[in-house]
Amino acid sequence: MRKSIASAAVAVMAASLFTAAPAVAGKGHTDQAPKPVNTRKLERAVTVNGVLQHLRELQVIANRNDGNRASGLPGHTASADYVAKRLRQAGYTVKRQKFTFAFSRELEPATVNQTAPTPQEFETATFDYSGSGDVTGQIVGIDLTIPAPAEPGSTSGCESADFPAAPAEPSIALIQRGSCAFADKANNAEAAGYDAVIIFNEGQDGRQELTVGTLGAPSGIPVVGLSYQDGVALASTDGAQVRVTTSTENDLNRTTENVIADLPAGAKVKHPDQTIVVGAHLDSVAAGAGINDNGSGSAVTLEIAEQLAALKYTKKKLQRPVRFAFWGAEEAGLLGSEHYVSELSSANRAKIYANLNFDMVGSPNYARFVYDGDGSSGGVSGPPGSEAIEKIFTGYFDSKNLASAPTDFDGRSDYGPFIEAGIPAGGLFSGAEGIKTEKEATLFGGTAGEAYDACYHSACDDITNVSTKALAELGDAAAHATLVLLQARTGLFPDGSIAPRSKAQKVSPAAPGNPAHAAR
Ligand SMILES: [Zn+2]
């Protein structure tokens, strides 16, 4: 996840985006410009205490369910029960959309130990969807490039011809990260008769550390990672014997769900075919309670839903319908949001006007990142309309004298399937495992040189792992943007139109939820 920082002196957005009205031709007068949406009441109603109340509930749920809230495990179902109950109590029409997915989790940490010629222990990690096993065998290097090629692109293990016939005794394929999917390497090794696979990092800058990722589908043999340095050490040891152990649980057809809440039955809206989907993933990784990732986004989204109802917005005439979505199986690769978008008929897909996504908004060493809808920081831009959504957020932060910075619109969270379908999207992000720069520390406070969230995807992502300041600032910005999209009378998109975008714009395919789950 790459970060880039906008100019610190962000030009103050003219408050015109949602207020500009075309002059009426003739008669010598102009229309009154529509008033900007006043979101102060909702911002005041969406409080840190309200958000924390939901986070405490999610922590209790994790405590009662083996310490996690991962999709496919009881802690996620209990989280979905909680969210569904609160939304029903607030008057929403709630649906639980079930789907099946390939579940994978580690039961015990992997080990890699050289047993001969000299005993040595290596730091390792289990690939997602690795098989279980305890294999002691001979190391066989597979088409390795040492020293590393100047540019990433090693084809180690990418072709079945790379694999010499496995020796008769148990043998372990030592493979270098490179151009093809980890799954291809592992499948080729298994097909060639190897009993376990070690994949080490490729060796360029940024490809030195312990590598780990996802195979995407269950493998029959253990697949573990190593750093480049450790891979080279094993590759250059004559007659190396190694013991690899993994303990995993894989299930091709585990059931999980999205919780989807629509306006109360009978709610009146001006533009019923312009639904705003406000989403957050409710699942954690299996390693912890996931209170920042993504209890924080879930709690803020739930709090906005509850306060909108409490302020009777859901009974008054809204300009557009809102649909709150609590995605499942994001951590397994954005599967819930993907399922949701793929299940929409094209008519119903055309009725989704925009998607807001909140994935991590309470990071302890936080930044105020806004999805870079217009691609101005050099990354991918979103479908038309995404830049307008980005401006709602940056304009809001500007109005509060709070710095913000763009974050790559790289499909790393549940807005990915929406932008792939050509639906404009936007959202906020307070930072994950990335390291805060000096410049960001100046802009946002906090500590340079440390991760935004040092407990990202770890057991310590618990109720102590959130910044209440981040929850307050990003929570209010989320409430503001939600209400602007629901109530703006005109000018949602830069051309002043409120018509749905004209045609789907293809963007690069969504990457899985995070780098640790990268597929290659
Ligand atoms: Zn997340």
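This is a short dialogue on reading the disulfides in a predicted model.

User: How do I decide what counts as a disulfide, and how many disulfides are there here?

Analyst: Go by the sulfur atoms: a cysteine pair counts when its sulfurs lie within 2.5 Å. With that cut-off, this predicted model has two disulfides.

User: Which cysteines form them, and what are the S to S distances?

Analyst: One disulfide pairs cysteine 158 with cysteine 180, with 2.1 Å between the sulfurs. The other bond is between cysteine 455 and cysteine 460, also at 2.1 Å from S to S.

User: Where in the chain does the link of cysteine 158 and cysteine 180 sit?

Analyst: Look at the elements on either side. Cysteine 158 is in the loop between strand S4 (133-141) and strand S5 (171-176), while cysteine 180 is in the loop between S5 and helix H4 (182-191). They are 22 residues apart, and the pair links distant parts of the chain.

User: What pattern do the disulfides follow along the chain?

Analyst: Count the bonded cysteines along the chain, and you get 1-2, 3-4.

User: Left-handed or right-handed, how do I read the links?

Analyst: Check the torsion about the S-S bond. For cysteine 158 and cysteine 180 it is -90°, a left-handed link. For cysteine 455 and cysteine 460 the torsion is about -110°, so that disulfide is left-handed.

User: And are these cysteines buried or exposed?

Analyst: Use relative accessible area, where buried means under 20%. Cysteine 158 and cysteine 180 are both buried. Cysteine 455 has 13%, so it is buried. Its partner, cysteine 460, has 34% relative accessibility, so it counts as partly exposed.

Key. Residues are numbered from 1 along each chain as its sequence is written. This is a predicted model: local features need pLDDT of at least 70, side-chain atom pairs count only at pLDDT 80 or more; totals for chains, interfaces and linings use all residues. Side-chain values use heavy atoms; hydrogens and water are left out. Helices (H or I, at least four residues) and strands (E, at least two) are DSSP runs, numbered from the N terminus. Buried means under 20% relative accessible area, exposed over 50%, partly exposed in between (1.4 Å probe, protein chains only).
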